[in-house]
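Please open the model in your viewer and keep the selection tool at hand. The stops below are meant to be taken in order, each with something to select and something to look at.

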Amino acid sequence: MKTQLIEEYAGKKLYTIGTVSKLTGVGVITLRAWERRYELIQPVRKDSGHRLYTRKHIDQINRITALTGQGMRISQILPEMLESAESGDQQQSDHWRQYLDSLIAAIVSFDENRVEEIYNEALSLYPIELVTRRLLRPLLIELGLRWEDQKGSVAEEHFFAFYLRNKLGARFHHRSRSKTGHQLLLAGLPGEHHEIALLLFSLAANEQGYQIISLGSNMPLLELAQVAKKTRANAVVLSGSINPERKTFAAELANLTASCKVPVFIGGQASVLACDTINKAGAIALGNDLELGLQRIADQLS
C-alpha cells in the first residue's frame, strides 16, 4: 500500500499516533499492526518517518473497532469495507460535529444556558446512549486536547465537568435499582480525580442489567479485595484517564488480582497507556470504548 506523504495534506489538521490512540481507545501497537500486517490504515508520513493521521483515518479506525465489536475478525476486514461505509457515515458525522462545535463554543464562553439548550436538544432527538457515544465522550476528549495544545484552559474543562457531573449524578441517583444481573464493584484508580468516565460507565452498565456498587474516584487498591468479598461482587472494574504510578500496576494491582477471587478489569485511557502492564498483573484491559468494554466483561462473566 502506498504511503501518503505529508506534503499532500498541507493546511489540514493532522494527529500523532499517541493522540489517535487517545481519541479511539486503540493502542499504539495495535494501530501499527493494522497498518503493517493488515494494510487497513494508511497514515501520513513526515520526513522523519513519524506517522500522522487525519480525521478520515480516525473515522476508519472507529469503523474497524465497530466491526470487530460485532464479531468480525480483523483479518476479515478489507480496506474497501471502510471506504464504502464513509459516504453513508459522513452526513451523520457532520451532524454530530456541528453539535460538538456548538458545545465547545458555549463552553469557551462559559454559557451554561446554551450548553443546556444544546444538550437537551440532542437528548430530545436521539437515545441517551447515542448522545453519550457520539457527543459527550468525543467532547471530553476534545476539551482535553485543547488544553494539551494550549488552545483551551483548565477552567473550560472544570466548567463543563461540573455541569456534566451534576447531570450524570442525577441520572445515577434515579437509576433503576431492581436489576438482577451480575454485581460490579466500580472505582477510580489511585490518583484519578475525575468521575465523569466512571459515571458514564456506571449508567451504561446499569442499562445492561448490571447491579452497581460505586466507590468513586481515587480508590486505594489495597482495600478492594475485601470490599469485593463483603459485597459478593462478580467483578471489579477500575477506571482511569491517566497512567498511574509504576508501583500501582507493578505491585498493588498484581496483589489485588492475586487476592481477589473475581476478575479485575481496567478501562479508560489508563488501560490504553499501560495495556501490557495490566495484563502482566493479571487484570484485563478494556480500552476506551464503553460498549466494547461492557461486551468484554459480559464475555468473561458468562
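The tour goes from a pair of helices to a pocket and then to two loops.

Bear in mind throughout that this is a predicted model.

**A pair of helices**

Begin by selecting helix H1, residues 17-24, and colour Ile17, Thr19, Val20, Ser21, Leu23 and Thr24, which are buried in that helix. Because 6 of the 8 residues of H1 are buried, this helix is largely enclosed by the rest of the structure.

Add helix H2, residues 28-36, and view the two together: H1 and H2 pack at an angle of about 105°, with their axes 9 Å apart. Since angles from 65 to 115 degrees count as roughly perpendicular, H1 and H2 are therefore roughly perpendicular to each other. To see the contact itself, show the side chains of Ile17, Val20 and Ser21 in H1, which meet Val28, Leu31 and Arg32 in H2. The residues of this contact divide into 4 nonpolar, 1 polar and 1 charged.

Now select Gly25, just after H1, where the backbone takes a positive phi of about 80°.

**The second largest pocket**

Keep Gly25 selected and add Val26, Gly27, Thr30 and Gly287, for these five are the closest to the centre of the second largest pocket among the 26 residues that line it. The space in this pocket comes to about 720 Å³.

Which elements give two or more residues to the lining of the second largest pocket? Display helix H2, helix H3 (55-69), helix H11 (269-273), helix H12 (275-280), strand E9 (284-287) and helix H13 (290-301), which are the elements that do so. H2, already on screen from the helix contact, gives the most to this lining, with 4 residues. Coloured by class, the lining residues divide into 12 nonpolar, 11 polar and 3 charged.

**Two loops with positive phi**

From H2, follow the chain into the loop that leads to strand E3 (44-45), and select Glu39 there. Although Glu39 is not a glycine, its phi is positive, at about 55°. Is Glu39 buried, partly exposed or exposed? Its relative accessibility is 39%, so Glu39 counts as partly exposed.

For the last stop, move to the loop between strand E6 (211-214) and helix H9 (224-231), where Asn218 is found. Asn218 is again a residue other than glycine with a positive phi, in this case near 55°. With a relative accessibility of 35%, Asn218 counts as partly exposed.

Key:
Residues numbered from 1 in each chain as written. Predicted model: local features only at pLDDT ≥ 70, side-chain atom pairs only at ≥ 80, totals over all residues. Heavy atoms only, no water. 1 Å grid on protein atoms, 1.4 Å probe; cavity = no way out; pocket = protein on both sides within 12 Å on 5 of 7 lines; lining within 4 Å. Points joined across faces, edges and corners; volume = space filled by probe spheres on them. Nonpolar A, V, L, I, M, F, W, Y, C, P; charged D, E, K, R; others polar. Axes fitted to C-alpha atoms, helices over the stretch in contact; angles between N-to-C directions. Parallel < 35°, antiparallel > 145°, perpendicular 65-115°, else oblique. Contact = heavy atoms within 4.5 Å. Buried < 20%, exposed > 50% of the residue type's maximum accessible area, 1.4 Å probe, protein only.
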